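This briefing covers a predicted model. Its points are grouped by topic.

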Amino acid sequence: MRTPHFRFGVPIVGVLAAGVLVGCSSVSEVTRERVARSETSVQQAQQAVGRSEAGALDLQRAKDNLDQAKTALSKKEGQKAERYAQLAQLDSELALSKSQSASARKAADELMASIQQLRQEVARGNAVATEQQ
Amino acid sequence: MNRSYHVVLTLALAGLMAACSSTPERIEDLEVARAVVPQVEASPRAGVAASNVSEARKALDRADKMADEGRKVGDIEFEAQVAVLNAQIANEKILTAQAREEIDKGTAERQAVLAEAREAQAKAAERRASTLEQELADMRARKTDRGMVLTLADVLFDTGQATLKPGAYATVDRLANVLKEAPDRKVTIEGHTDSTGSEDFNLVLSERRAAAVQTALLERGVQANQIIAVGKGMAYPIASNNDPAGRQRNRRVEMIFTDSQSKVASDVN
């Protein structure tokens, strides 16, 4: 009685184990980590972009792609999750770099404007002084 | 600069093209990647985004290979998108580097302009420090026992008129500046005429001429308490009234500068 029972049990356990293995390989720990990393990047980009215009569209696309990655993850679609996560990662990096380049450009333009203004003031000051002579 | 704008334009155009992509035969993402990746690679500042530029190239090469092998469109699109995004990130990094270079250069330039401004200010202060006496000496004021006396010739007025001619403005401007720079200095403005016409007429005319100069100085911001205007009529000629040249010299406004009000007051009295 014992032995046949045991014999029956072996294949069942084997199939179950195989099922678990397949489940793990379809959405690997690496993919989960990838999605988690993308989420962190999206959050960082969110902080950098804030309410400014530069990078806002890319940030939105990053969020959409992250959502897609999470959905794929819940459906155990490993490759899809991996790809959406990668795109979300790149979109958030693009949003971040756009916001950085916009603020650098703004700072450069403001500096140039202040130099221009300063030059004009110097020129005006000199002009007045010359008139007085 | 131009190249980067070119890249931006191309990327924008690429975005539009990608938005309209639907046909599977022509993979728009791949076309975009083929256009933008070489551009960022060619940028002289590509080094600031080396990893993105190399990732873009690797992804594009993978996409090209997959396209040659006739692989699934979705797979090719993914690699192409990775290439484009990396190229866009590289482009932003290049633009940032460019702006920072400008900031570095601009900061140095600003320092130089500030130094220039300070120098100009110092020079202006030096000019202001030039004393009233120097200014008056420049204007050929005579030193008399009454103080420095500056004679304004009759060319400042038309005959019989007490309205300053435009030609007098430069002189009046200069006097006004001198007085404004030295608010503790006082001036007595004396009007004089030649002997043409009655004594009363000339007295009134001389008063009006002195008043005209006074008004012009007040209009230019000189304090009222620095100026006294009086008419002396024809009583104090400095030349003969018998010939035109002498009469012209007698038609004049004299400005007597002293360094204290008491001295002017005593002089007027």
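**Lys76(A) and its loop**

Lys76(A) is partly exposed, because 14 other C-beta atoms lie within 10 Å, and a residue needs 20 or more to be buried and 12 or fewer to be exposed. The residue sits in the loop between α3 and α4 of chain A. Its phi is near 60°, a positive value in a residue other than glycine.

**Ile27(B), a loop residue for comparison**

- Ile27(B) is located in the loop between α1 (2–19) and α2 of chain B.
- Ile27(B) is buried, because 20 other C-beta atoms lie within 10 Å and the cut-off for a buried residue is 20 or more.
- Leaving aside neighbours within four places in sequence, the contacts of Ile27(B) are Ala67(B), Val73(B), Ile76(B), Glu77(B) and Ala80(B).
- For one of these contacts, Ala67(B), the C-alpha atom is 9.1 Å from that of Ile27(B), with the two positions 40 residues apart along the chain.

**Nonpolar cores**

- The largest nonpolar core has 49 residues, of which Ala69(A), Ala33(B), Ala56(B), Ala63(B) and Ala83(B) touch the most other members.
- Two or more residues of this core come from each of α2 (29–49), α3 (56–74) and α4 (78–132) in chain A, and from each of α2 (28–42), α3 (50–68) and α4 (73–129) in chain B.
- The element that gives the most to this core is α4(B), with 13 residues.
- A second, separate core holds 23 residues, including Leu150(B), Leu152(B), Phe157(B) and Val187(B).
- Beyond its neighbours within four places in sequence, Ala69(A) is in contact with Val35(A), Ser38(A), Ala81(A), Tyr84(A), Ala85(A) and Ala88(A).

**Contact between the chains**

- Chain A gives 27 residues to the contact and chain B gives 28 residues.
- On the side of chain A that touches chain B, 12 residues are nonpolar, eight are polar and seven are charged.

**Chain B: make-up and helix α6**

- Chain B contains nine helices and five strands.
- Read from the N terminus, the order of its elements is α-α-α-α-α-β-β-α-β-α-β-α-β-α.
- Of the 269 residues in chain B, 34% are buried.
- Among contacts in chain B with a separation of 6 or more, 70% join residues 24 or more positions apart.
- Helix α6 of chain B (residues 169–181) has 13 residues and should span 18 Å at 1.5 Å a residue; the end C-alpha atoms are 18 Å apart, so the two values agree.
- The buried residues of α6(B) are Val172(B), Leu175(B), Val178(B) and Leu179(B).
- These buried residues lie on the same side of α6(B), because they cover an arc of only 125° around the axis.

**Confidence in chain A**

- Chain A has a mean pLDDT of 82, and 74% of its residues reach 70 or more.
- Within chain A, helix α1 (residues 2–26) has the lowest confidence, with a mean of 50, while α3(A) has the highest, at 96.
- Residues 18–25 of chain A have a pLDDT below 50, and the model gives this stretch one contact beyond near neighbours in sequence.
- Residues 127–133 of chain A also stay under 50 in pLDDT, and this stretch has five contacts beyond four places in sequence.

Technical notes:
Residues are numbered from 1 along each chain as its sequence is written. Chains are lettered from A and ligands numbered from 1 in the order in which they are written. This is a predicted model: local features need pLDDT of at least 70, side-chain atom pairs count only at pLDDT 80 or more; totals for chains, interfaces and linings use all residues. A nonpolar core is a set of buried Ala, Val, Leu, Ile, Met, Phe, Trp, Tyr and Cys residues joined through C-beta atoms within 7 Å. Helices (H or I, at least four residues) and strands (E, at least two) are DSSP runs, numbered from the N terminus. Two residues are in contact if their C-beta atoms, placed from the backbone, lie within 7 Å. The expected span of a helix is 1.5 Å times one less than its number of residues. The arc is that of the directions from the helix axis to the C-beta atoms. Ala, Val, Leu, Ile, Met, Phe, Trp, Tyr, Cys and Pro count as nonpolar, Asp, Glu, Lys and Arg as charged, and the others, Gly among them, as polar. pLDDT is the predictor's confidence in each residue, from 0 to 100.
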